[in-house]
Amino acid sequence: MTDEDESAFDEFLASRSTALLRTAILLCGASQHDAEDLVQGALEKVYRHWPRIRHDNPQAYARRVVVNAAISVARRRKVIQEITFARPPDTAVPPFDVDLREALFAELQRLPTRMRAVLVLRYWEDLSENETATLMGCSVGSVKSQASRGLARIRERMSSLEGALR
Amino acid sequence: MNAEEALKETLLAQVAEVQASPALGGAVRRRHRRRLARFRTAGAALVMVAVAGTVPAYLTMTSAGEPMSSPTEREAVATIRSGIVVPDVVGRDAKVAGQVLKAAGLNVQSRVGPLSSDLPAGIVVSQNPPAGGDAEPGAKVTVIVSSSSEAGLKVNKPQKLPPELGDLGDEGGHRFAGVDFVYFPEGLKWVPSFDSDTFGKTSNSTSWSESGKVTDGYGIQVIVYGGKAVEQISERMAGYGKQGAEPIDIRGKKAYLVSVGEPPGELANDKNIPSGEPRARVLTWVENPGLAIEILMSPDYAKKIDADAELKKIANALRPAR
């Protein structure tokens, strides 16, 4: 790797690493520490292939690696949680005097892993339906249906909270 | 506020404070160097074993051919013959490693190591005693096998079921972990993916869903427990009874069909799961002292069928293969 490659990689990190870290946290509900580890691992892969990919949309490549890793971490946790807990821990928030955002984030963590990923990519990363489908390796129709089902769950939770607060 | 705005705000609030550390670049490069170093070490160890393997053969030949003149050589023959040279299995597939060690006359104990994002799962990352050392015949060699935080990349891909675990899949078989699952609700397909020892030792788990795709959620998940894990299940069932769950009968065996809460072993109630939340239904029973089974139905799938009736049907139809 040339010096120029190295400094271009540093620039890439400076502009993209915070966004990648945030996406990772949202995707797998991990602590910042765990998400940092995941992102480091993903970026090591980017670094490994940097001279080859730097001119070919490294941002998309990095995002894909992070999303794949985060989905797998989240899914693995989810299977274990669903079997042993039936619902993820630390979400047993009483419906009263809760912060709406916290409740919605907890609800987001309960969604199926890929459904959550679709919501994060669409509404956090602001990707189009097409881009989301390409990144996740599924059809646009599946992105649409997952997004609308996920939003419906969020909507349902919002209205139940409003009901509880009344 | 509509749901999309609320969601955007929720996401933003969750990570607004998060900033990547400026040290990230250094950490990534260190990780990269460590990875390179590991590959080089594995290579060097292999060369060492190749040498260790040839020396005794050479010495043996000379000792048989002509009388030994030098006392040091004589000693060398004696030392090397007294034990087994531990083969190098670092970097190899765990299964192959086990075969190599057993073929050398050693016993194998494998442990799953810490998460690694650099290696696929199932690769030996270290061994003790190390390669090239002497060991008595039958001595135990501990190997640490990689698990992988990228297992999802692997899990995303369909896995092939090893024959000793069953014959589900295209051939239309219905055996998994020593149990013949004769009945499943129509339209469910096996998801070509499984987990071993995720739910205690010894346990095997796999699932069925409407799409049969590894990328979608499960419809029905089955966990087959053997060994020590059976005791855990017996205790969990006793706990269900104490909490007031009514047992049901599955082919003459006591079983519990319950919604479970948190922590494990607790029945779902309004404290550990708010009412209105989806609850997965779980059917649990001990088939015999060496076999317990849990069948779990996802809340999503349960809405589409008569969940409890179908769970009972699956349980009543299945047969232990042994």
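What follows walks through the helices, cores and sheets of a predicted two-chain model.

Chain A is a good place to start. It has 8 helices and 0 strands, so to speak a plain α-α-α-α-α-α-α-α when read along the sequence. Of its 166 residues, 54% count as buried. As for contacts in chain A between residues at least 6 apart in sequence, 67% of them join residues at least 24 apart.

Helix 2 of chain A covers residues 32-48, which makes 17 residues. From first C-alpha to last, helix 2 spans 24 Å, close to the 24 Å expected at 1.5 Å a residue. Its buried residues are A:A35, A:L38, A:V39, A:G41, A:A42, A:L43, A:E44, A:K45, A:V46 and A:Y47. Charged names turn up in that list too, with A:E44 and A:K45 among the buried residues.

Two of the helix 2 residues, A:L43 and A:V46, come back in the largest nonpolar core, which has 58 residues. Along with A:F9, A:L108, A:L119, B:L7 and B:L11, they are the residues with the most contacts inside this core. Helix 1 of chain A (residues 3-28) gives the most to the core, namely 11 residues. Domain 1 (1-86) and domain 2 (93-166) of chain A both contribute residues, so the core lies between them. A:L108 shows how the chains meet here: leaving aside neighbours within four places in sequence, A:L108 is in contact with A:R116, A:L119 and A:I154, and also with B:L7 and B:L11. Apart from this core lies another one, of 31 residues, including B:L161, B:F176, B:A177 and B:F194. As a rule of thumb, nonpolar side chains in soluble globular proteins tend to be buried together.

Now for the sheets of chain B. In one of them, 7 strands form an open sheet in the order 8-9-10-14-13-12-11, with antiparallel pairing. Strand 8 (189-196) and strand 11 (248-250) of chain B each have a single partner strand, so they stand at the edges with one side left without a neighbour in the sheet. On average, neighbouring strands of this sheet are turned by 25° against each other, direction ignored. Further in, strand 10 (residues 220-225) and strand 14 (residues 291-297) of chain B pair in the antiparallel sense over 6 bridges, and B:Y225 sits opposite B:A292 of strand 14. Helix 6 of chain B (residues 228-242) lies across strand 10, strand 12 (253-259), strand 13 (281-288) and strand 14, and runs at about 125° to strand 13.

Another open sheet of chain B has 3 strands in the order 6-7-15, again antiparallel. Here strand 6 (175-176) and strand 15 (319-320) of chain B are the edge strands, each with a single partner, so one side of each is left without a neighbour in the sheet. Strand 6 is joined to strand 7 (residues 179-180) of chain B by 2 bridges. B:F176, listed above in the 31-residue core, has B:V179 of strand 7 as its bridge partner.

Finally, a look at one loop residue. B:G91 is found between strand 1 (84-85) and helix 4 (94-103) of chain B. With 47% relative accessibility, B:G91 counts as partly exposed. Not counting residues up to four places away in sequence, B:G91 touches B:I123 and B:V124. The C-alpha atoms of B:G91 and B:S126 are separated by 8.0 Å, although the two residues are 35 residues apart along the chain.

Technical notes. Residues are numbered from 1 along each chain as its sequence is written. Chains are lettered from A and ligands numbered from 1 in the order in which they are written. This is a predicted model: local features need pLDDT of at least 70, side-chain atom pairs count only at pLDDT 80 or more; totals for chains, interfaces and linings use all residues. Side-chain values use heavy atoms; hydrogens and water are left out. Two strands pair if DSSP finds at least two bridges between them. Helices (H or I, at least four residues) and strands (E, at least two) are DSSP runs, numbered from the N terminus. Axes are lines fitted to C-alpha atoms, for helices over the stretch in contact, and angles run from 0 to 180 degrees between N-to-C directions. Contact means heavy atoms within 4.5 Å. The expected span of a helix is 1.5 Å times one less than its number of residues. Buried means under 20% relative accessible area, exposed over 50%, partly exposed in between (1.4 Å probe, protein chains only). A nonpolar core is a set of buried Ala, Val, Leu, Ile, Met, Phe, Trp, Tyr and Cys residues joined through side-chain atoms within 4.5 Å. Domain bounds come from an automatic or database domain assignment.
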